[in-house]
Amino acid sequence: MDASLPVIKSLFEKTFGAGGTVNVVRAPGRVDLIGEHTDYNVGFVFPMAIEPEVRMAFRQRDDGRVRLASTAFPGQIPEFSLEEKIQRGEPGWANYSKGVAAKFVAAGIPVTGMDAIMANTLPVGGGLSSSAAIEVATAWCFLSLGGLEIDEARLALLCQKAEHEYALMPCGIMDQTIVIGGRAGHAMLLDCRDLSRQFVPLDPNELRVVIVNTMVKHELTGSEYPTRRRQCEEGVAFFQKHNPSVKALRDVTLKQLDDAKAQLPEVVYRRCRHVVSENARTTEAAMMLGRKSYERAGQLMVQSHISLRDDYEVSCAELDFLAEEAMKVKGVYGARMTGGGFGGCIAALAQPRAVEALRNHLTRTYLQKFNITPAVYVTTATAGAGLIE
Ligand code: GLA
C-alpha cells in the first residue's frame, strides 16, 4: 500500500471532501526481540518500533462527531459522537479508535470531532501490533487537534484499556508502550512493573532485524491468550499462599518453581517455567546486545522460541518451521516467533550480509512446505508515533 503523504491526503479529500487543514500522524508497528508473554506477568520485554506503520490523515470537525475510514476497508465510514456514550460494534476495526476516544473522554482529556482516514504499510492482524498502532495513531490525532502533550506511560495505559474494553483483547502493556515511545536505532528494555525503560543501541552496520510473516492466523488466538493469563494467575495464587509478597511471576525464582513442581498442575508449572525463564533470558539478551555479544543474544532468542513452543504452547507448525529454517542460514544469530503466537511473524537477528540469503531461503522453503509465500520485512528500529505533517 502506498501511504505516501500526497496519496493519503488525496484519499482523504476523495472520502471526506476538500478544504480545511489536513494533518497526518504516523504510528509504527513493533517487533519483540525477546520477552514474550511476560508483559502481563509484570516482567520484562525487549521490543523495538519498526518501519511498517499506520498513517492517519485527519481534519477537525466542529460538531463533536468522528467519522473514520480505512484504505484496508474501502467503502465503510463508521461514525460516532463524542457527546454520547461510545458503543463498540461493527465494523471491528473501528473499535480501536472508538475505545481511545471513549477512554480520553472518561479521563477528562479534551477531544474534538474529526474526520480521519488510515492507511497502513503494516499488515492488519499480522502480529506486528497493528491494533496498538491504530490506537496510538488515533490518540495522536486527538492530542494534535487539542494541542496537548501527555505522559507516555499514561497514554499507553489508556490505549491498553481501550483495547481491553473495546476490542475485548486482554493484552499487556508492551505494544502500546513501544509504539508510543520507540527510539530510532534502539530496542527498549521495558520493565512492565514500573514501566521504566532502558534503550539499547542496535548498530545498523552490524545487525539487521528480519521479520517473516507466516501469513496464517490460527483461530485459537482469541481464547488461548486469556487462558494463558489465567494459568499464570493460578501459579501466582499458589506462590502467594506461601509468601504474600509474591504479586506476580516476576517475584518467583526458577528454584522456587522447581521446588513447587509436585504441587502444581503440570500445565501450570510449564506456563510458569516459560515466564520465569523468559524474564531471565530477556534481561540477559538486552545486556548481551548492548555488549555486542550477538551470538549469545541469538542463542537466547532460540531458547525463547523453544520455551514458547514446548512450555507455553503458543507456537504453530508454520512458526516453528520458519524459526528453524532461519537458523540454517549463515550469519543468522537467532530467530524466534514474535508476538502472541498461533501465527503471525518470526523475528531473526542477522548480519546485514546474510539478509538476502535468509530472504531467499525462507521464501523458497516455506513456499515448498506450506504453499504460501511469506512476506519479509527488513527493518531498522524507528521512532515512536508522532505528527508528520
Ligand atoms: C500480544 C499482546 C502483548 C503481549 C504479546 C505476547 O501482542 O498484545 O501485550 O502479551 O501478545 O508477548
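Start by selecting Ala326, which is buried with a relative accessible area of 0%, and keep in mind throughout the tour that the model on screen is predicted. Ala326 is placed in helix H10, and once neighbours within four places in sequence are set aside, the residues in contact with Ala326 are Val332, Ala335, Ile346, Leu358 and Leu362. If you also select Gln87, which is 239 residues away from Ala326 in sequence, the two C-alpha atoms turn out to be 44 Å apart in space.

Stay in helix H10 and move to Leu322, another residue that counts as buried, with a relative accessible area of 0%. Not counting residues up to four places away in sequence, Leu322 touches Val212, Thr214, Ile346, Leu362 and Tyr366. Ile346 and Leu362 have thus appeared in the list for Leu322 and in the list for Ala326. Between Leu322 and Leu122, which lie 200 residues apart in sequence, the distance from C-alpha to C-alpha is 20 Å. A reminder about helices in general may help while you rotate the view: an α-helix has 3.6 residues a turn, so residues three or four places apart point the same way.

Next, select helix H9, residues 294–310, and check its length against expectation. Its 17 residues, at 1.5 Å a residue, should span 24 Å, and the C-alpha atoms at its two ends are indeed 24 Å apart, in agreement with that figure. Which residues of H9 are buried? They are Tyr294, Ala297, Gly298, Leu300, Met301, Ser304, His305, Ser307 and Leu308, and these residues pack against H8, helix H10 (317–326), strand S10 (332–338) and strand S11 (343–350).

In the loop between H9 and H10, pick out Glu313. Although Glu313 is not a glycine, its phi is positive, at about 55°, and with 33% relative accessibility Glu313 counts as partly exposed.

Then turn to helix H8, residues 266–290, where the same check can be made: 25 residues at 1.5 Å a residue should span 36 Å, and the end C-alpha atoms are 36 Å apart, which agrees. Just after H8, select Lys292, whose phi is positive, at about 65°.

Now go to strand S9, residues 208–217, and select Asn213. Is Asn213 buried or exposed? Asn213 is buried, because its relative accessible area of 5% is under the 20% that marks the limit for a buried residue. Its side chain reaches the backbone nitrogen of Met215 at 2.9 Å, and, leaving aside neighbours within four places in sequence, Asn213 is in contact with Pro123, Gly126, Gly344, Cys345, Pro374 and Ala375. Met215 is itself placed in strand S9, and it has a positive phi of about 70° although it is not a glycine. At 46% relative accessibility, Met215 counts as partly exposed, whereas Asn213 is buried.

The next stop is the ligand. Select the residues around it, which are Arg30, Glu36, His37, Asp39, Tyr40, Cys171, Gly172, Met174, Asp175, Tyr225, Gly339 and Gly340; sorted by class, this shell has four nonpolar, four polar and four charged residues. Three pairs of atoms can be displayed as distances here. A polar side-chain atom of Glu36 lies 2.6 Å from an oxygen atom of the ligand, a side-chain N or O atom of Asp175 is 2.7 Å from a ligand oxygen, and a backbone N or O atom of Gly172 lies 2.9 Å from an oxygen atom of the ligand. Of the 310 Å² of accessible area that the ligand has on its own, the protein covers 95%.

From there, select Val24 in strand S1, residues 23–32. Val24 counts as buried, at 0% relative accessibility, and its contacts, not counting residues up to four places away in sequence, are Leu5, Ile8, Lys9, Arg55, Met56, Ala57, Phe58, Leu387, Ile388 and Glu389. The C-alpha atoms of Val24 and Ile173, which are 149 residues apart along the chain, are separated by 25 Å.

Finish at Pro91, in the loop between strand S5 (79–81) and helix H2 (95–107), where the peptide bond from Glu90 to Pro91 is cis, with omega near -5°.

Key: Residues numbered from 1 in each chain as written. Predicted model: local features only at pLDDT ≥ 70, side-chain atom pairs only at ≥ 80, totals over all residues. Heavy atoms only, no water. Helix = DSSP H or I, 4+ residues; strand = E, 2+ residues; numbered from the N terminus. Expected span 1.5 Å × (residues − 1). Near = heavy atom within 4 Å. Polar contact = N/O pair within 3.5 Å; in protein donor to acceptor, adjacent residues only side chain to side chain. Areas by Shrake-Rupley, 256 points an atom, 1.4 Å probe, with all protein chains shown as cover. Nonpolar A, V, L, I, M, F, W, Y, C, P; charged D, E, K, R; others polar. Buried < 20%, exposed > 50% of the residue type's maximum accessible area, 1.4 Å probe, protein only. Contact = heavy atoms within 4.5 Å.
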